[in-house]
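Here is a friendly briefing to read with the model open beside you. It goes topic by topic, from charged pairs to strands.

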Amino acid sequence: MEYIENLKGIEERGLSQFISKNLRDLPDAKKILILFPDYTRFDFTASIAPLILKRYSGFQIDFLNAGGTHRPMTNAEFRDKLGVDKGDSWTSFLNHDYSNIANLTTIGQIPGELISIKTGGQLNTDIDITVNKIIFSDYDLIIALSGTAPHEAAGYSGGLKIFFPGISGPEVIDLFHWAAVLVSIPKIIGKVDNNARDIINTGAKVIFDKIKTPVYSFNMVNTKVDDRVVPIGLYVDKGYQGFITTYKAASIASSAVHVKYIEEPLTRVVQVIPKNYDEIWLAGKGSYKLQKQGVMAEGGEIIIYGLHIGCFHTNSQIEKDLYSLGYHCRDYVCSLIEAGASLSKNAAAHLINVSGPGIYDPVAGKEKLYFKVTLATSIPEEECKRIGLRYRDPATIERSDFTGPGKLWIEEGGRYLYDIKRKEEK
């Protein structure tokens, strides 16, 4: 593994020199595929992509976003994310388009026995390894750019996740996120090695066994200061094992800059959601990142605040699924699914993850959630209530009301993981 790291921030010239040196060490190629995180991820892809174009100038370079179930990117978003323009005939911007069966191929299966082990016996279903078939095309080189930060369904994002489920089909994404929600956020998020990551690695291994093209990992870690990306680490390696090596190194750096520690449980929190989280499907990270044990006080309130948010999901079918069940705890949603409710498991996982822990008595039909989730967005009050969330008029939100014991105002909401400072750390 080659890497450059400085937790206080890597100087721009040194970063460029490191990237250029490592690109020169890559094999010559006439047709290159670049996988990269989509518009929802905050990283320094725009510092790497132009140098890739410079290294392989004049040859075919296809950029494919690993967007999972996120909406397609516009050309303007591609340009902003990559720092390059599609002005050259040899450069292509491609959306993954997870639901287009013509883009996909199934190459194997994760057996239900393994899924059962990883979910503590809660799920025993085979997961087909379905992936965008473009990666098996006649490329001479594949470069995967990924960003690492705490993640509710993977421990940390980045690494092999960009293949599985980043460019997978809908069934993979459904079942993987459902398996992760059964394990639960507190047992996954902020943990480098965890049961959900084991599922990712297993699926990705089958993919790598089939790829004949050299594949390189450029794993990024960064933070943000005054609306400016600050790179703190870039880790480069080759092949399946190289992806694991770079992921683990990046996760250690991420834990140093992306985890915030608090002294006492929180009773009222405002998560100010950034512009690239433009639907509740993404803004829900404002809840996910506060679910480490002890962070939220029982009965506390998380306010997801952002006037730019006007829907739960831009995909009408997924949004319909969300409305069909509404936001509830795991036991409640599982009871509805067992009773025959039909919706994607990915949607069900989102509903549970946003709502957080709770208990449900199916006999009495009563549910008790551990904390409350309130939306202060452009979504009308009646829609919030219809889907099972609380509403607050955004005009009533004042930062000065969220100071003092148990209160917190969080800029860049959903980006940082919060944890309670243990006695030995005080």
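**Salt bridges, strands and a charged patch**

Arg71, Glu77 and Asp278 are linked in a network of salt bridges, a salt bridge being a side-chain nitrogen of Lys or Arg within 4 Å of a carboxyl oxygen of Asp or Glu. This is a predicted model, in which local features need pLDDT of at least 70 and side-chain atom pairs count only at pLDDT 80 or more, while totals for chains, interfaces and linings use all residues. Residues are numbered from 1 along each chain as its sequence is written, and side-chain values use heavy atoms, with hydrogens and water left out.

**Salt bridges**

- By this rule, the count comes to 19 salt bridges.
- Within the network, Asp278 forms a salt bridge with Arg71, and their closest N and O atoms are 3.2 Å apart.
- That pair links distant parts of the chain, 207 residues apart: Asp278 is in the loop between strand 13 (266-272) and helix 8 (280-283), and Arg71 is in the loop between strand 3 (60-65) and helix 3. Helices (H or I, at least four residues) and strands (E, at least two) are DSSP runs, numbered from the N terminus.
- Asp43 forms a salt bridge with Lys81, with 3.0 Å between the closest N and O atoms.
- This pair also links distant parts of the chain, 38 residues apart, with Asp43 in the loop between strand 2 (31-36) and helix 2 (45-55) and Lys81 in helix 3 (residues 75-82).
- Both Asp43 and Lys81 are buried; buried means under 20% relative accessible area, exposed over 50%, and partly exposed in between (1.4 Å probe, protein chains only).
- Glu152 and Lys285 meet through their side chains in a salt bridge (3.4 Å, N to O).
- Here the partners are 133 residues apart, Glu152 in the loop between strand 8 (150-151) and strand 9 (155-156) and Lys285 in helix 9 (residues 285-288).
- Glu152 is buried, and so is Lys285.

**Strand 11 and its neighbours**

- Strand 11 (residues 228-238) is mostly covered, with 8 of its 11 residues buried.
- Strand 10 (residues 215-225) runs antiparallel to strand 11, and 10 bridges join them; two strands pair if DSSP finds at least two bridges between them.
- Asn222 has Pro231 in strand 11 as its bridge partner.
- The two strands, 10 and 11, form a hairpin with 2 residues between them, and Asp226 in the turn has a positive phi of about 50 degrees.
- Strand 1 (residues 2-5) also pairs with strand 11, in the antiparallel sense over 4 bridges, and Ile4 has Leu234 as its bridge partner.

**Parallel strands**

- An open sheet of 5 strands has the order 18-17-14-13-19, with parallel pairing.
- Its edge strands are strand 18 (390-391) and strand 19 (407-410), each pairing on one side only.
- Inside this order, strand 14 (residues 296-306) and strand 17 (residues 372-377) pair over 6 bridges, and Ile303 has Thr374 in strand 17 as its bridge partner.
- Strand 12 (residues 259-262) runs parallel to strand 20, joined by 4 bridges; one bridge partner pair is Ile262 and Ile420.
- From strand 20 (residues 417-420), Leu417 and Asp419 point one way and Tyr418 and Ile420 the other way, and all are buried.
- In a regular strand, side chains alternate between the two faces of the sheet.

**A surface feature**

- Glu171 is found in helix 5 (residues 170-183).
- Glu171 is exposed because its relative accessible area is 51%.
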